[in-house]
Amino acid sequence: MSTLVVVGIQWGDEGKGKVVDLLAREADIIARFQGGSNAGHTLVVGGKKTIVRLIPSGVLHDDKVCVIGNGVVVDPQVLIEELDTLQQQGRLLDPALLKISETAHVIMPYHQAIDVARERLRGEGRLGTTGRGIGPAYEDKMARVGIRFVDFLDDQVFQEQLSRNLQEKNLYLGEILKEQALDYTQIFDSYRRFRDRLAPHVTNASRYLHQEIVKGRKVLFEGAQGTMLDVDHGTYPYVTSSNTVSGAVCSGAGIAPQHIHGVIGISKAYTTRVGSGPFPTELFGPEGEKLRRDGGEFGTVTGRPRRCGWLDAVVARTAVRLNGVTSLALTKIDVLSGLPTVRICTGYAYQGQQYDEVPASVHVIDRITPVYEDLPGWSEPLSDIRSLDALPLNARRYVERVEQLVNVPIKMVSVGAGREETILIRPTFF
Ligand code: GDP
Ligand code: IMO
Ligand code: MG
């Protein structure tokens, strides 16, 4: 098997960064295919924490090629900051190690201004976006007024597109959103510097990936966000603006469906969500507090406290079907230590009806009653454990029950943030 897709099967922050970093050992190329700097993926290696937002999570391994696919919306300033930090650590010094698709779209200052202003105007009804301009950038892509890297590299084309867009955006910002207009020269000058810095990385990434896959090189596709944040299949409108499911690899990296050979779904042993929207298993009392505290559940990008709740097998089941998940990684099970009882939601009940998958209407999801199964907890810390057999009996039963409910083999259980704090049930993944 030469390609593997890693996707979050909840509402994001499942630990994709940690898992991709670990799997990247076996890969030659690691590619992002959607999302943007709304993502925050945490890697902990040798006790040192690194957070990546646009650069794929394989970057801490020498000589792996990192690819930012066409489906990603790229904030050039964020990417350059990330690149600077990594280069200071001696990484990505060869430009060939980071490739940016020439057809990826560029996030502009007006995207972020619009995102933030809209959220402010929505007040209590806000979506709780990360405020990084993600939605407005994808809107422009679909409206066919987005600026792609290939256009960005051409001074004249870029000038024309920026001036056309800015006229319209300044009207919208001023008249509708009551914001300050943005200055053309300031944007143009700063973006020209960004362009000069990033130009050596821009290439036909779709063709590159195809050629490498055909040669048998191993490619890991790294998802951002999670399935319940998918713009089509998530809890719309409380979602992000891209398709986060594994199928998005084809459009977002520009590769053909027959080149997807496996899909690993990442799930926490409980559930978290940042931002607004329905969350059936959310906990509001001391148990939720415990998960937030012990799990360090504060947003990687925005620092917001994450909402916490029990594992939801209805969500997992829906996501496994949508993504074609072939194996599962269960993360953060160490955080459950110390709870006398651990609950798993196995179904939803609403007006006499039972749901085994997530219903489409957020109004229905808001009103359903979760059906729980209670399992006995365990008190032992798990972070030093490296095999399933060494887990306390109740923790092992929990893992086995999740596997049964979701009906996919669990190949990895993560017991801590560090790369080595992992129980590898199957030694290889490709
Ligand atoms: P991502 O967006 O899916 O990559 O996840 P984030 O990095 O945003 O959030 C996951 C958080 O949990 C990070 O702080 C990780 O370092 C941490 N983490 C990952 N796996 C584990 C684990 O098994 N146990 C614990 N305690 N922390 C973990
Ligand atoms: P990673 O890749 C968790 C959420 C936001 C908000 C909604 C829309 O680290 O898992 P957006 O800025 O995308 O328009 O916000 O999506 N969101 C995430 N939640 N993890 C993420 O990424 C997220 N990226 C966006 O909180 O609810
Ligand atoms: Mg994250």
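Let me start at Thr130, where a polar side-chain atom lies 2.6 Å from an oxygen atom of ligand 2, and let me say at once that this distance, like everything else I will describe, comes from a predicted model. Two further polar contacts belong beside that one: an oxygen atom of ligand 2 is 3.0 Å from an N or O atom in the side chain of Arg304, and a backbone N or O atom of Gly128 lies 3.3 Å from an oxygen atom of ligand 2. As for how much of the ligand remains open, the accessible area that ligand 2 has on its own is 550 Å², and the protein covers 97% of it.

Widening the view to the surroundings, ligand 2 has 20 residues around it, and Thr130 is again among the closest, together with Asp13, Lys16, His41 and Thr240. If we sort that shell by class, we find 10 polar residues, seven nonpolar ones and three charged ones. The site itself is the largest pocket, and ligand 2 sits in it.

Now to the other ligand. Which pocket holds ligand 1? Ligand 1 sits in the second largest pocket, and the shell around it counts 18 residues, of which Lys16, Gly17, Thr42, Asp334 and Ser414 come nearest. You will notice that Lys16 has now appeared twice, since it is listed among the closest residues to ligand 2 and also among those that come nearest to ligand 1.

The backbone contacts here involve three residues that follow one another in number. A backbone N or O atom of Lys16 lies 2.7 Å from an oxygen atom of ligand 1, the corresponding distance for Gly15 is 2.8 Å, and a polar backbone atom of Glu14 is 3.1 Å from an oxygen atom of ligand 1. Of the 590 Å² that ligand 1 exposes when taken alone, the protein buries 92%.

Turning to secondary structure, helix H1, residues 16-23, and strand S3, residues 41-45, are the elements that give two or more residues to the shell around ligand 1, and H1 gives the most, with three residues. By class, this shell divides into eight polar, seven charged and three nonpolar residues.

Finally, where does ligand 1 lie with respect to the domains? Domain 1, which comprises 3-101 + 202-259, and domain 3, which runs over 267-424, both give residues to the shell, and ligand 1 therefore lies between them.

Key: Residues numbered from 1 in each chain as written. Chains lettered and ligands numbered in written order. Predicted model: local features only at pLDDT ≥ 70, side-chain atom pairs only at ≥ 80, totals over all residues. Heavy atoms only, no water. Near = heavy atom within 4 Å. Polar contact = N/O pair within 3.5 Å; in protein donor to acceptor, adjacent residues only side chain to side chain. Areas by Shrake-Rupley, 256 points an atom, 1.4 Å probe, with all protein chains shown as cover. 1 Å grid on protein atoms, 1.4 Å probe; cavity = no way out; pocket = protein on both sides within 12 Å on 5 of 7 lines; lining within 4 Å. Sits in = over half its atoms within 2 Å of the grid points. Helix = DSSP H or I, 4+ residues; strand = E, 2+ residues; numbered from the N terminus. Nonpolar A, V, L, I, M, F, W, Y, C, P; charged D, E, K, R; others polar. Domains from an automatic or database assignment.
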